[in-house]
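User: I am new to this structure and would like to understand the words used for it. Could you take me through the reasoning behind them?

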Amino acid sequence: MADLDGLPPVDPTTGEIIINPLKEDGTAKTVKEIEKEKKKAEKLLKFAAKQAKKKEAAANNANNASKKAKKPKKEVEPIPEFVDKTVPGEKKVLVSLDDPSLKAYNPANVESSWYDWWVKSGFFEPEFTEDGKIKPEGLFCIPAPPPNVTGALHIGHALTISIQDTLIRYNRMKGKTVLFLPGFDHAGIATQSVVEKQMWAKEKKTRHDYGRTDFVNKVWEWKEEYHNRIKNQIQNLGASYDWTREAFTLDPKLTNSVVEAFVRLHDDGTIYRAARLVNWSVKLNTAISNLEVENKDVKGRTLLSVPGYDEKVEFGVLTSFAYPVADSETDEKLIIATTRPETLFGDTAIAVHPDDARYTHLHGKFVQHPFLPRKIPIILDKEAVDMEFGTGAVKITPAHDQNDYNTGKRHNLEFINILTDDGLLNENCGPEWEGMKRFDARKKVIEELKKKGLYIGQEDNEMTIPTCSRSGDIIEPLLKPQWWVAQGDMAKEAIKAVRNGDITITPRSSEAEYFHWLENIQDWCISRQLWWGHRCPVYFIKVEGQENDPNDGSYWVAGRNIEEAQKKANAKFPDTKFTLEQDEDVLDTWFSSGLWPFSTLGWPEKTKDMENFYPFSMLETGWDILFFWVSRMILLGLKLTGSIPFKEVFCHSLVRDAQGRKMSKSLGNVVDPLDVISGIKLDDLHAKLLSGNLDPREVEKAKLGQKESYPNGIPQCGTDAMRFALCAYTTGGRDINLDILRVEGYRKFCNKIYQATKFALMRLGDDYQPPAQEGLSGKESLVEKWILHKLTTTAKSVNSDLDKRDFLNSTSAIYEFWYMVCDVYIENSKYLIQEGTPEEQKSTKDTLYTLIDNALRLIHPFMPFVSEEMWQRLPKRSSEKAITIVKASYPVYIKEYDNEDAVNAYELVLDVTKEARSLLAEFNILKNGEVFIESNDEKSFETTTSQKDSIVSMIKAINKVTVVHKSSEIPEGCVLKAVNPDVNVHLLVKGHVDIDAEITKAGKKLEKAIKSKQNLEQTMNRKDYESKANVQAKEANKVKLDNSVAEIEGLEATIENLKRLKL
């Protein structure tokens, strides 16, 4: 094609335009000249392509006038899939960044293979000195809170791991001996409940169909499957656990610790047997802890679904009925009100206030039970009765209500249990009622009261209903003989440990809650009527020929084995025939969890791990289990080891959804961390609901919740972005409202890191070798001095913030530093690398290397994968001994980098550049702009003069900049912007703009500036300004006023200049 002759050559492989880097005289072209030539060539090629298309279209029209030429669609070439050829456990095979599959940042590519290599290489195992001691740099160790083996981790677990692993990796890089001890909890109720649900759904079998041994074996099978699933999640999250020390609460070593603890505490009387009220789950047939109780608030009459009932059950209603006064000649009745009418079978008193004149005549009298041949005493009690509430008469049911239980104890009342473990009325209710379900009995009681003329009425009643979080059942307070831990004396020691500073609790609000709970502590029920768990190591002595009471603690002995129990029983009952029967119950999961900090280290044996790592440096967890777990570890640790279990407690926030709602399966807003890491479509989120244990009716509700929270599914974010986001969210508040879009935003930050390192490697070149030691050469340019100052101050603040557990400020500082490196240093040093002298080029490259190396190490604790991936690609200093960033030194403050003068000088350069760009944009001058910098301040003049090339390199629309002392040296036809009171930037606009329009625009700005100055002066001229305004406010206002004056003068000069342009 003759008309395309003379076009620039194009590389046939890449399609890039080939520009000759040399001029005709053989000298090198500047970067600006090359870019200009390239743009000109691109325009020529575009023009030629358009011409060719026109000709093609004309030819097509000539051949077929009825057909229009179709514009071919430009196909986006798909990025080929990355193939990781690394052998699992070996160091990752790094593919060249020029490979098309690595063109864009993809977390799946970056995060593959590293974890297995870290684990196999032992990088997560603690390092000791040659003689096996803790390193001189210090010790940092955390016991990871053991997740329940009940399915899968949620985003709350991801937050826990992100915070803990950040601190672990940071301290490891500080050179300390570090242990992050992993493990899993058998989670008695939660695990047994899930397995039983699945058995019933799949086989229509209960645990009783299997028998205890076979059922427990089945749970072990289930545990292995889900343990591996959770372990995979943890590894995907990058947790640098020492897997060689992995623990499980039912492991033999930990079981030995549990047995030892129980026996010691039973022998010294801390564990005792008593019949007391427990939270009874009829559905699960066991007592449950307060943590497993979920309180539901109802405003009034509400129908709720209850397991085992076809129809919904009514709650939120106060039923009033009358008790006939016994032997009353006037048929007097005493009216009481209750939300649980069915419990009247267990009433053993009616309480009235001793000062209530209405009932003085009834003191010492009785009422007649409406359905049983039993009289009930009227008692006097100031604590149980509020005279102003209701009728001032209260029914007392000691065996089925906690407040009534306390009243019963005060008055030595009879405790009558009316329910079986299955929630049926028992023989104490009479033959007519025995065997009836508790909520069926509620309706029947009301019917019968009506028949007897004793029913008064019902009204709505706001109330809290305790439900079982595992089964949805309504909790029944039930009197059961159980094993209890006396906590009063232990609590005093636990309070003392925090008050005297042996243990610190952060934040302060959690510390206050800790004290409040321990100062009001109750004894702890540790019996659970389950099969999965630690069976109570305690034995009932069944004396031959006697009917001994199992509630009587004197007939029980604890033993580490049957032989020890036999020996203790012989000592108790010498020369007596008896048999020993081990308690069927298992221990509350929180009992074994309470031993976690020392059972995992081998207690009660005096192991090397106990010597090295106990007490742990810190315990990090959510504030919601401060009482159930953290405080119990402190109680048991002090009691059994004589030492605190850890020195610091850090309580993080709870994760809620973007709308601030609690994460709930039924709401459909529970987030699997792997779904955030890998991304998931909405349809696949819906499908996951079907594999869980949700009631079919709740599945549809959950789908709607998923659609609301994640209308487009969850985008692929990667582990690094998720970890960084979760740490950045950690502000010390009670809750985190997690917005997935924010996590996705940090994926873009990962891309910034990835691309910046790629760019740096390209600029450094394949043959680059960094200096052996990091430090100043004395030949650094101003921009280098500026960025190295930012590096050292960032390192200083991040170290301080992480030591203070300030995750918000540490993540913000690192984020800002990376952006300074990318958007300022890399951009502003291009001209030095490309056009500087050999000395300047070397210095600029050395600084670029120092920045990327340090920035990757700074962010490694938060983003372990992308930091390792890119750090491994960097050439290494000859002094670098670490083969992984995991073991590399964490950046610290370097005094020689601290250079305030350089910072102030370069900030001026950046401000000048900013104002010049602003003027160019304001007047829409895109090329050949002429900028003048005016300053009569010698220091500012010298700085801007020396940095002219730097300023030009940062402003695309200009080719040069002129620095002058006086405004008289500025040519006519310029507009002005004040940088500060000493420096102005002028832009030549003559011939570039509509003068009248610009005068109007500048006039409006001047009016605004004058008004702002007047408001400021008005504030500063107030009579009480000097006395009331603080020093910082005064200084800030003075700076604002000076800047306003400079802005006004500049705008006035601009308007005058523009007016002169019209003449």
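Analyst: Happy to help; this is a predicted model, and we will go through its terms one by one.

User: What makes Cys 750 count as buried?

Analyst: Its relative accessible area is 0%, and buried means under 20%. Cys 750 is therefore buried. Cys 429 gets the same kind of check: its relative accessibility is 1%, so Cys 429 counts as buried too.

User: How do you know that Cys 750 is in no disulfide?

Analyst: A disulfide needs a pair of cysteine sulfur atoms within 2.5 Å. For Cys 750 the nearest cysteine sulfur belongs to Cys 717, and it is 9.3 Å away. Searching the whole structure gives zero disulfides.

User: Why is Asp 609 called buried?

Analyst: Here the value is 17%, and the limit for buried is under 20%, so Asp 609 is buried. You can find Asp 609 in helix α16, residues 608–613. Leaving aside residues up to four places away in sequence, Asp 609 touches Arg 245, Leu 601 and Tyr 614.

User: Why is α8 called roughly perpendicular to α17?

Analyst: Helix α8 (residues 252–267) packs with helix α17 (residues 626–641) at an angle of about 75°. Angles of 65 to 115 degrees count as roughly perpendicular, so that is the term for α8 and α17. Their axes are 11 Å apart.

User: Which residues make that contact, and how many are nonpolar, polar or charged?

Analyst: From α8 come Ala 261, Arg 264 and Leu 265, and from α17 come Leu 636, Lys 639 and Leu 640. By class, four are nonpolar, none is polar and two are charged.

User: Now to the strands. What makes β31 and β32 edge strands?

Analyst: Four strands form an open sheet in the order β31-β30-β33-β32. Strands β31 (958–964) and β32 (974–980) each pair on one side only, and that makes them the edge strands.

User: What makes the pairing in this sheet mixed?

Analyst: Look at the pairs in turn. β30 and β31 pair in the parallel sense over six bridges, with Glu 934 opposite Val 964 in β31. β30 and β33, on the other hand, pair in the antiparallel sense over five bridges; here Ser 935 stands opposite Val 983, and Ile 933 opposite Val 985. β32 and β33 are also antiparallel, over six bridges, and they form a hairpin with two residues between them. Both senses occur, and the pairing is mixed.

User: How do you know that β33 is covered on both faces?

Analyst: On one side Val 983, Val 985 and Leu 987 are buried, and on the other side Asn 984, His 986 and Leu 988 are buried. In total, six of the six residues of β33 are buried.

User: Why is β30 described as largely enclosed?

Analyst: Six of the seven residues of β30 are buried, so the rest of the structure largely encloses this strand.

User: Which helices lie on this sheet?

Analyst: Helix α28 (residues 900–922) lies across β30, β31, β32 and β33, at about 150° to β32. Helix α29 (residues 938–946) also packs on the sheet, where it touches β30, β31 and β33. The direction of α29 makes about 155° with that of β31.

Key:
Residues are numbered from 1 along each chain as its sequence is written. This is a predicted model: local features need pLDDT of at least 70, side-chain atom pairs count only at pLDDT 80 or more; totals for chains, interfaces and linings use all residues. Side-chain values use heavy atoms; hydrogens and water are left out. Buried means under 20% relative accessible area, exposed over 50%, partly exposed in between (1.4 Å probe, protein chains only). Two strands pair if DSSP finds at least two bridges between them. Contact means heavy atoms within 4.5 Å. Axes are lines fitted to C-alpha atoms, for helices over the stretch in contact, and angles run from 0 to 180 degrees between N-to-C directions. Angles under 35 degrees count as roughly parallel, over 145 as roughly antiparallel, 65 to 115 as roughly perpendicular and the rest as oblique. Ala, Val, Leu, Ile, Met, Phe, Trp, Tyr, Cys and Pro count as nonpolar, Asp, Glu, Lys and Arg as charged, and the others, Gly among them, as polar.
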